[in-house]
Amino acid sequence: MQIGHCWYDRQNKQLIDQAKDISWPLNDQEYWVLEQLVQHRGQVVSIHQLKSPHMHRTTMLKIIESLIQFLGGGKDILLEYIPNQGVILYKNTTSPHASLLMSPRGTLPYSHYLLIIMLVIAGCVYAYSGLSTTSHIKADYSERIVSKQGGLTQLLVYAADEENYKLNEQVNIIAKHIKSCDAIAWQTITLALSRDKLSLSIIMLQQTEAAWLYHNVKLSRAYVDQKWLSPNWLKEVHICE
Amino acid sequence: MNKICAKLLSVKGGLYIGALLFTLLMIKLTWFTEMHMYDVQCQASAFDLAHLQEGELLRGDMLLQLIEQNGRLSLAYYSAFDEPIREYAIFEGELVTMHSGSLTYDYNVNMTDYKFAEVSHLNDYLLHELNLDSLKLGQLFPQSIQVIEADLERHFLVIKFSPSNQLWACKILP
């Protein structure tokens, strides 16, 4: 009788591993246990039923363990001991119920891998959109300005629309004026021209250990080409020192 | 009991536990993440080139106070240009959406109270800032406010009004 990769020779009371070409001559107790399992193949046989007369429980358990080793040895299970219930000899080999704690190297089916990967990707996407403590939104235009005294100031511009080429022209004019400052007291000067191009927001920022020093300037014009920039005005709004 | 433990410790059980924890995290993030706008006060030096006085640009001060309570926004503008004229405009709004990734708050806003001078600098400024043709009491319009710089430890915030593209650097109120 074939049991997995072993041949069970009932007449000679031996179990032969055909793959490894090893035979196991069974003693009376071992033969009794295997016979019980073979006769109830596919069913759970109780410990009580497996015990032959005068057989000690520990002996019986050792026999089961030996049979499991001999019949198994791979990742497939043919004989399984179910605590408090009994032992089952499966009709066909079955995959083990892998335990995360018992077999950390246990292989996962592709579907599980896929599920885990999808969960991780979904988590990352959600965390990026939901948890992002975005404390700084990048400006549309930035330029480093060096004052006459060598101080470095970052000029940032937020655009109202996509007309960046027009914006650059205006920014260049403003940057040129700011560059003419002897000294600039700010780390950052941020500009934003309103959508109708008539109102200009200027924010000057200086970060210190204790607090942010800042100054808002609002400028409204009657028409787009109206001139207002002058060295005096830059000093008045404290852009130039 | 042993059976339950064995099931929980199996790979499948681990996956189920992971999926459950993930779901709970999503629920927590969706429902309990703070979504309200910061209460801020902002001051600005204002220059009006549209109403020149003897060829000189007009100087003044502006104050903006933004407070949100339970999704209701209160936006108060005060300005002082010509002595002794003081102008103000109060707006109220309802939070429509909050885009957590870009920290943008979309409101539906309407003006509830105002005091404008005959030649109003504040009125003109607000038309730029709120991207409107005219200001009327009760007139509902959409307004987005984006937080572009935030330092909560130092109680500092920079906000941008959209679509007008106007900036304010502000102090976060306690």
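Here are some worked exercises on the predicted model shown above.

**Exercise 1. Get a feel for chain A**

Task: Work out how many helices and strands chain A has, and what share of its residues counts as buried.

Solution:
- Start with the secondary structure: chain A has six helices and 12 strands.
- Next, look at burial. Chain A has 241 residues, and 39% of them count as buried.
- Then check the surface, which is about 14400 Å² of accessible area for chain A, with 55% belonging to carbon and sulfur atoms.
- Finally, ask how far along the chain the contacts reach. Take the contacts in chain A between residues at least 6 apart in sequence: 45% of these join residues at least 24 apart.

**Exercise 2. Salt bridges within chain A**

Task: Find which residue pairs with E35(A) in a salt bridge, and say where the two partners sit.

Solution:
- First, the idea behind the search: side chains of opposite charge can pair when their charged atoms come close.
- Over all chains, the structure has eight salt bridges.
- The partner of E35(A) is R10(A), with 3.0 Å between the closest N and O atoms.
- Now place them. E35(A) belongs to helix α1 (residues 28-39) of chain A, while R10(A) is in the loop between β2 (6-9) and β3 (14-17), so the bridge links distant parts of the chain, 25 residues apart.
- Burial comes last, and here the cut-off for buried is under 20% relative accessible area. E35(A), at 10%, counts as buried, whereas R10(A), at 35%, counts as partly exposed.

Task: Now do the loop between β2 and β3 again, this time with K13(A): what does its salt bridge with D28(A) tie together?

Solution:
- The side chains of K13(A) and D28(A) meet in a salt bridge, 3.6 Å from N to O.
- K13(A) is in the loop between β2 and β3 and D28(A) is in helix α1 of chain A, so the bridge ties together parts 15 residues apart in sequence.
- On accessibility, K13(A) is partly exposed at 30%, and D28(A) counts as exposed at 58%.

**Exercise 3. Where chain A meets chain B**

Task: Describe the interface between chain A and chain B, starting from residue counts and ending with a salt bridge across it.

Solution:
- Count residues first: 57 residues of chain A are in contact with 50 residues of chain B.
- Then take the area. About 4500 Å² is buried between the two chains, and carbon and sulfur atoms give 60% of that.
- Move on to polar pairing: the interface of chain A and chain B has two salt bridges, and 23 residue pairs are in polar contact across it, both residues being at pLDDT 80 or more.
- Which elements of chain A give two or more residues to the side that touches chain B? They are α4 (110-130), β10 (188-193), β11 (199-207), β12 (212-220) and α6.
- The largest share, nine residues, comes from α4(A).
- By class, that side of chain A has 31 nonpolar, 19 polar and seven charged residues.
- For the salt bridge, go to E236(A) and R59(B), whose closest N and O atoms are 2.2 Å apart. E236(A) lies in helix α6 (residues 231-236) of chain A and R59(B) in strand β2 (residues 56-69) of chain B, so the pair joins two chains.
- Both ends are partly exposed: E236(A) at 31% and R59(B) at 36%.

**Exercise 4. Inside chain B**

Task: Decide whether helix α3 of chain B is largely enclosed or open, then check what happens at each end.

Solution:
- Eight of the nine residues of α3(B) (residues 121-129) are buried, so the helix is largely enclosed by the rest of the structure.
- Those buried residues include H121(B), Y125(B) and E129(B).
- At the start of α3(B), a side-chain oxygen of S120(B) comes within 3.5 Å of the backbone nitrogen of L122(B).
- Just after the helix, N131(B) has a positive phi of about 60°.

Task: Is Q143(B) buried or exposed, and what is around it?

Solution:
- Q143(B) sits in strand β6 (residues 140-151) of chain B.
- With a relative accessible area of 2%, Q143(B) is buried.
- A polar atom of the Q143(B) side chain is 2.8 Å from the backbone oxygen of S162(B).
- Not counting residues up to four places away in sequence, Q143(B) touches several residues, among them Y105(B), E129(B), F161(B) and S162(B).

Methods:
Residues numbered from 1 in each chain as written. Chains lettered and ligands numbered in written order. Predicted model: local features only at pLDDT ≥ 70, side-chain atom pairs only at ≥ 80, totals over all residues. Heavy atoms only, no water. Helix = DSSP H or I, 4+ residues; strand = E, 2+ residues; numbered from the N terminus. Buried < 20%, exposed > 50% of the residue type's maximum accessible area, 1.4 Å probe, protein only. Contact = heavy atoms within 4.5 Å. Areas by Shrake-Rupley, 256 points an atom, 1.4 Å probe, with all protein chains shown as cover. Salt bridge = Lys/Arg side-chain N within 4 Å of Asp/Glu carboxyl O. Buried area = accessible area lost by both parts, 1.4 Å probe. Polar contact = N/O pair within 3.5 Å; in protein donor to acceptor, adjacent residues only side chain to side chain. Nonpolar A, V, L, I, M, F, W, Y, C, P; charged D, E, K, R; others polar.
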